[in-house]
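User: Hi! Could you walk me through this one with me? I'd like to go piece by piece.

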Amino acid sequence: MRKPMILAVVSALVVNSCGGTTQSQPASSGTAGDISYKAYGDYAQYGSTPDVAGPCSYASIDKKDYSGRTLKIITHAVPVMGEPTVLHAKQFQDLTGAKVEVVNVPFGDLFQKIMTPLQSGQDAYDIFFNGSLWIGDLNPYEAPVPDAYLSVPAMQDVTQNYKDVATWNGKMIQYPVDGDRFYLKYRTDLFDNEEIKAKYKTDTGKDLRVPETWDEYNEIAKYFNDWDWDNDGAKNFGSAEVTKRDDLMFSAFIGRAAPYAKNPNVKGGFYFDLETMKPLINNPGFVKGLELFVDAQKAFPPGGSSFGLGDEILSFGGGQTALSYSWDDAFIQAMEKTSRIRNKVAAAPLPGATQVWNRNTNQWDTFATPNRAPYITWGWGVAVSNLSKNQDIAFDYLCFFSNEANHTLDLQIGRFGVNPFRTSDFDPKFWEEKLGWETNTAETYTKTLSGMDGAPNRVFDLRVPGVNEFMTSMATGVASAMAGEKTPQQALDDVATEWAAIVDRIGVDKVREAYRNVVALEDAQ
């Protein structure tokens, strides 16, 4: 039932960003049944979309009456995932009469803010949004998604990748709301430019093509570094990458190292040998990836050796570099309506490797076709606390959050951090018709992303207890090599030593049991 209430939000910024006035019902574009966000903030530019009949539609949720009950949610700061959390909380509150309290927390504090009350048995939050790789630590506190929600059409549309990411020991314990992966982005006005291609051929003796291997990526990036190849009066550069130690640099390294270290003919562990739990992080495949990461600095923009994710987004998305790779953000930035490189970018799978380390034979295997290792990394997860006394409301909220109407609009708002994770998201017509993308851009984007779902030899994050410690150790070691303080081999030898100590402290059996879930995903074909 609709009952106007006041949303409690612990952040003035959230109130300002999502509108200060709570409406008594979802705004309509004038067509019955259409959903628009404009009454809840400055979202009018995204238009409206029809409410889709189903258990969690606006019409269905409007029939619920949760008056006198309070739902507590902890989520990331605005805007990434924090903003849609607040927006849908306001809508859900208006429809059901529940009081919804949202706490927005900066990323650096989010894990501990979630974990501390859970570890002490406090029922502080009914719902917690989190990094999906934290599932190794959070799974003891997450309530399984009830069967009723597993059968709703929107859930059935979720791809297997992201059902897997939300699953632990055979049970879905996180509610899919996002899909993240690494892929290559490149400038089509460069790679499809006949004059540029002729010049590249003359200068290098090679045809210019989208890089198939990381060696080729570095070679092309260095060629296009430090000159004005798009004739806008400013110098361009080769590659924008996430290189700041404390800002997700470890993910960039994993993406580069994966095709050298993830041999499709070797099972039983990418980060560790599952049987012995010996760290593999310093084997020749990972070392090769780090050597190329170090070498890539020759093609970075000024300051590029300390780029955080935001810098990478603005560098490639703003037209500064020829190449980049990471999550969707830089691509979506480039495709904003005001971008000078709108429809001048395309997507492709991450580069691969023709030499791949085989840890069973202790030698390099040669691949005529480059080995690919699609990297399914991060993604926002969200779960209902198993301590919550409001699990019925909590699961209704999450189902409403991701219903078809909300999802259609959320995908169009880049800063929301809601990226494709449903089969229907990979229809290029959606991106062409809703966002005005040109056909080539839409098709390369959807083909690249959807192709990763069924791909063999995938790599996932290290989803085990203590994951933050492992990743901090990796980032510190990689940073020391990037700065020239250690050789790549020395740096990763030190990381391997630290990883072994972390495993011993947490408990070999405990880490192995969690890691078994990761290996099952990575070994699946």
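Analyst: Happy to; we can take the sheet, a few helices, the disulfide and some single residues in turn, keeping in mind that this is a predicted model.

User: Great. In what order do the strands of the open sheet come?

Analyst: The order is β10-β11-β9-β12, so to speak reading across the 4 strands, and the pairing is mixed. The edge strands are β10 (237-240) and β12, each of which pairs on one side only. On average, neighbouring strands are turned by 20 degrees against each other, direction ignored.

User: And which helix packs on the sheet?

Analyst: Helix α14 (residues 309-317) does, touching β9, β10, β11 and β12. The direction of α14 makes about 140 degrees with that of β11.

User: Can you break down the pairing? In what sense do β10 and β11 pair, parallel or antiparallel?

Analyst: β10 and strand β11 (residues 321-326) pair in the parallel sense, over 3 bridges. Within β11, T321 is the bridge partner of F237, and S324 is that of A240.

User: How many bridges do β9 and β11 pair over?

Analyst: There are 4 bridges between β9 and β11, in the antiparallel sense. One bridge partnership there puts L184 with Y325 of β11. Strand β9 (residues 183-187) is also joined to β12 by 4 bridges, and these two run antiparallel. In that pairing, K185 has A347 of β12 as its bridge partner.

User: How many residues of β11 are buried?

Analyst: 6 of its 6 residues are buried, which leaves β11 mostly covered.

User: What about β12, at the edge? Which residues are buried on its two faces?

Analyst: V345 and A347 are buried on one side of β12 (residues 345-348), and A346 and A348 are buried on the other. That fits the usual picture, since side chains in a regular strand alternate between the two faces of the sheet.

User: Switching to helices. How far does α21 reach from end to end?

Analyst: Helix α21 (residues 488-506) has 19 residues and reaches 27 Å from its first C-alpha to its last, close to the expected 27 Å. Its buried residues are P488, A491, L492, V495, A496, W499, I502 and V503. They cover an arc of only 140 degrees around the axis, so they sit on the same side of α21.

User: Nice. What's exposed on the other side?

Analyst: On the other side of α21, T497, D504 and R505 are exposed.

User: And what do the buried ones pack against?

Analyst: The buried residues of α21 pack against α12 (249-261), α13 (284-295), α20 (467-482) and α22 (508-523). Following α21 is G507, with a positive phi near 120 degrees.

User: How about α19, what covers its buried residues?

Analyst: The cover includes α8 (160-165), β9, α15 (329-334), β12, β15 (375-376) and α18 (428-435). The buried residues of α19 are T441, A442, T444, Y445, T446, T448, L449, M452 and D453. As for its length, the 15 residues of helix α19 (residues 439-453) should span 21 Å, and the end C-alpha atoms are 22 Å apart, which agrees.

User: Now cysteines. How many disulfides does the structure hold?

Analyst: The structure holds 1 disulfide. C56 and C399 form it, with their sulfur atoms 1.8 Å apart. The pair links distant parts of the chain, 343 residues apart: C56 is in the loop between β3 (48-50) and α2 (58-62), and C399 is in helix α16 (residues 391-401).

User: Why is the disulfide right-handed?

Analyst: The torsion about the S-S bond of C56 and C399 is about 90 degrees, so the disulfide is right-handed.

User: Are those cysteines buried or exposed?

Analyst: C56 counts as buried at 6% relative accessibility, and C399 is buried too, at 3%.

User: Last topic: where is D180, and what is D180 in contact with?

Analyst: D180 lies in the loop between β8 (171-172) and β9. Its relative accessible area is 8%, so D180 is buried. Beyond its neighbours within four places in sequence, D180 is in contact with Y162, W327, I376, T377, W378, G379, W380 and N419. Of these contacts, W327 is 147 residues from D180 in sequence, yet their C-alpha atoms are 6.4 Å apart in space.

User: And E216, buried or exposed?

Analyst: E216 counts as buried, at 15% relative accessibility. E216 is in helix α11 (residues 214-223), and, leaving aside neighbours within four places in sequence, E216 is in contact with R209 and P211.

Conventions
Residues are numbered from 1 along each chain as its sequence is written. This is a predicted model: local features need pLDDT of at least 70, side-chain atom pairs count only at pLDDT 80 or more; totals for chains, interfaces and linings use all residues. Side-chain values use heavy atoms; hydrogens and water are left out. The expected span of a helix is 1.5 Å times one less than its number of residues. Buried means under 20% relative accessible area, exposed over 50%, partly exposed in between (1.4 Å probe, protein chains only). The arc is that of the directions from the helix axis to the C-beta atoms. Contact means heavy atoms within 4.5 Å. A disulfide is a pair of cysteine sulfur atoms within 2.5 Å. Two strands pair if DSSP finds at least two bridges between them. Axes are lines fitted to C-alpha atoms, for helices over the stretch in contact, and angles run from 0 to 180 degrees between N-to-C directions.
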